[in-house]
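The following note is offered to a colleague reviewing the coordinates. It proceeds point by point through the packing, one pocket and selected backbone angles.

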Amino acid sequence: MGRVGIVTGGARGIGAAITSLLAEDGASVVVMGLPPDRERTEALRASLNGAAKRVHFREGNVAHYDVCKGIADEVRAQYGQIDFLVNNAGITADHTIRNMTVEEWQAVLAVNLSGPFFMTKAVLEHMVERNYGRIVNISSVVGHTGNFGQANYASAKAGVMGLTKTVALEVASRGITVNAVAPGFINTDMVAAMPKAAVEAAIQKSPERRLGQPEEVARVVRFLLDESSGYITGAVYDVNGGLYM
Ligand code: NAP
């Protein structure tokens with residue numbers, strides 16, 4: 001059997017590009033997502049021709065540890081192995097800190113930071129037993145820089161970098177690599193939901209004067225998940241067109 005792994009939020013945007021590339025490479029990909037992602041996964045499968053049979057959907061919210069553990073255990077029981085995990089699911093709830101509610105803070109931290117911790121914890125013992133694993137966490141350029149109106153999101157994404165480095169240290173001797181990818185502004189629904197002026201300002205600030213494409217992020221994730229990338233761990237790969245160096 002080829003490689004098997006989980007991509008959270010893998011049915012649209014950056015996650016869908018990651019799912020597609022991995023499935024086309026021959027991996028079996030379990031997309032973990034919320035109810036609307038079931039239909040999106042079907043649409044993604046329809047675009048994949050021969051690779052479609054390797055993409056499967058499991059409904060689950062990454063903000064709940066028992067759900068994460070349940071899905072990881074199911075995937076392991078069904079396929080016998082989990083070779084990789086991509087913690088990609090993410091949300092925003094933007095407001096300046098003076099207007100941000102406690103609920104907005106907690107919701108973004110729950111999905112964007114607790115989610116990667118829960119999923120990592122859910123797969124890690126299995127990877128340790130096998131002496132092999134590849135984990136990639138999707139952070140963000142704003143985890144480096146901060147961003148106006150995104151105290152919750154930037155804190156979570158900076159936290160993801162700390163989580164990445166710490167877990168990388170703890171499991172380096174067990175054949176498991178843990179890396180982060182920090183995209184700049186990428187052409188997805190998340191950016192489409194931003195105010196037009198903010199998107200234009202981000203484009204103008206970027207040396208390449210454009211948004212990135214989901215595939216440009218996905219190709220870096222694919223590289224880090226490769227078996228031959230075993231000497232790269234605890235790294236944060238910036239994919240931002242030079243927005244932050
Ligand atoms: P997107 O198009 O909004 O997709 C996010 C995916 O995550 C969706 O499939 C969403 O499901 C899923 N999701 C949300 N909450 C979830 C939960 N609690 N449990 C399981 N799945 C959940 O976002 P994107 O732009 O592709 O972003 C993907 C990742 O890259 C995120 O972590 C984001 O923070 C990060 N990122 C994006 C950019 C950018 O410019 N786009 C830049 C830097 C970093 P639903 O569709 O059902 O809500």
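1. Helices and strands are taken here as DSSP runs, of at least four residues for a helix and at least two for a strand, numbered from the N terminus. The model is a predicted one. On that basis, Ser28 belongs to strand S2, which covers residues 28-33.

2. Is Ser28 buried or exposed? Its relative accessible area is 13%, and the limit for a buried residue is under 20%, so Ser28 is classed as buried. Beyond its neighbours within four places in sequence, Ser28 contacts Arg3, Val4, Gly5, Arg54, Tyr79 and Phe84.

3. Phe84 likewise touches Ser28. With residues up to four places away in sequence set aside, the contacts of Phe84 also include Arg3, Val4, Gly5, Ile6 and Val7. Further partners of Phe84 are Leu22, Ala27, Val29, Met127, Arg134 and Leu225.

4. Nonpolar side chains tend to be buried together in soluble globular proteins. In this model the largest nonpolar core has 33 residues. Those with the most contacts inside this core are Ile18, Leu22, Val29, Phe84, Val86, Val181 and Val221. Two or more residues each come from helix H1 (13-24), S2, strand S3 (55-59), strand S4 (84-87), strand S5 (133-138) and helix H9 (214-225). H1 contributes the most, with seven residues. A second core, separate from this one, has 29 residues, among them Ile6, Val30, Val111 and Met119.

5. How many of the twelve residues of H1 are buried? Ten are, and the helix is mostly covered. The buried residues are Ile14, Gly15, Ala16, Ala17, Ile18, Thr19, Ser20, Leu21, Leu22 and Ala23. The geometry of H1 was also checked: at 1.5 Å a residue its twelve residues should span 16 Å, and the end C-alpha atoms are 17 Å apart, which agrees. Just after H1, Gly26 adopts a positive phi of about 105°.

6. Val128 is located in helix H4, residues 102-130. Its relative accessibility is 15%, and because buried means under 20%, Val128 counts as buried. Outside its neighbours within four places in sequence, Val128 is in contact with Val171, Arg174 and Ile176. Val128 and Ile176 are separated by 48 residues in sequence, yet their C-alpha atoms are 7.5 Å apart.

7. H4 also takes part in the second largest pocket, where it supplies the largest share of the lining, nine residues. This pocket holds about 270 Å³ of space and is lined by 20 residues. Thr120, Lys121, Ala122, Leu124 and Glu125 lie nearest the pocket centre. Helix H3 (65-79), H4 and helix H6 (151-171) each provide at least two lining residues. By class, the lining comprises ten nonpolar, three polar and seven charged residues.

8. Which backbone angles deserve comment? Most residues other than glycine have a negative phi. Asn131, in the loop between H4 and S5, has a positive phi near 55°. Arg209, in the loop between helix H8 (196-205) and H9, also has a positive phi near 55°. Asn131 has a relative accessible area of 44% and is therefore partly exposed. Arg209, at 48% relative accessibility, is partly exposed as well.

Key: Residues numbered from 1 in each chain as written. Predicted model: local features only at pLDDT ≥ 70, side-chain atom pairs only at ≥ 80, totals over all residues. Heavy atoms only, no water. Buried < 20%, exposed > 50% of the residue type's maximum accessible area, 1.4 Å probe, protein only. Contact = heavy atoms within 4.5 Å. 1 Å grid on protein atoms, 1.4 Å probe; cavity = no way out; pocket = protein on both sides within 12 Å on 5 of 7 lines; lining within 4 Å. Points joined across faces, edges and corners; volume = space filled by probe spheres on them. Nonpolar A, V, L, I, M, F, W, Y, C, P; charged D, E, K, R; others polar. Core = buried A, V, L, I, M, F, W, Y, C linked by side-chain atoms within 4.5 Å. Expected span 1.5 Å × (residues − 1).
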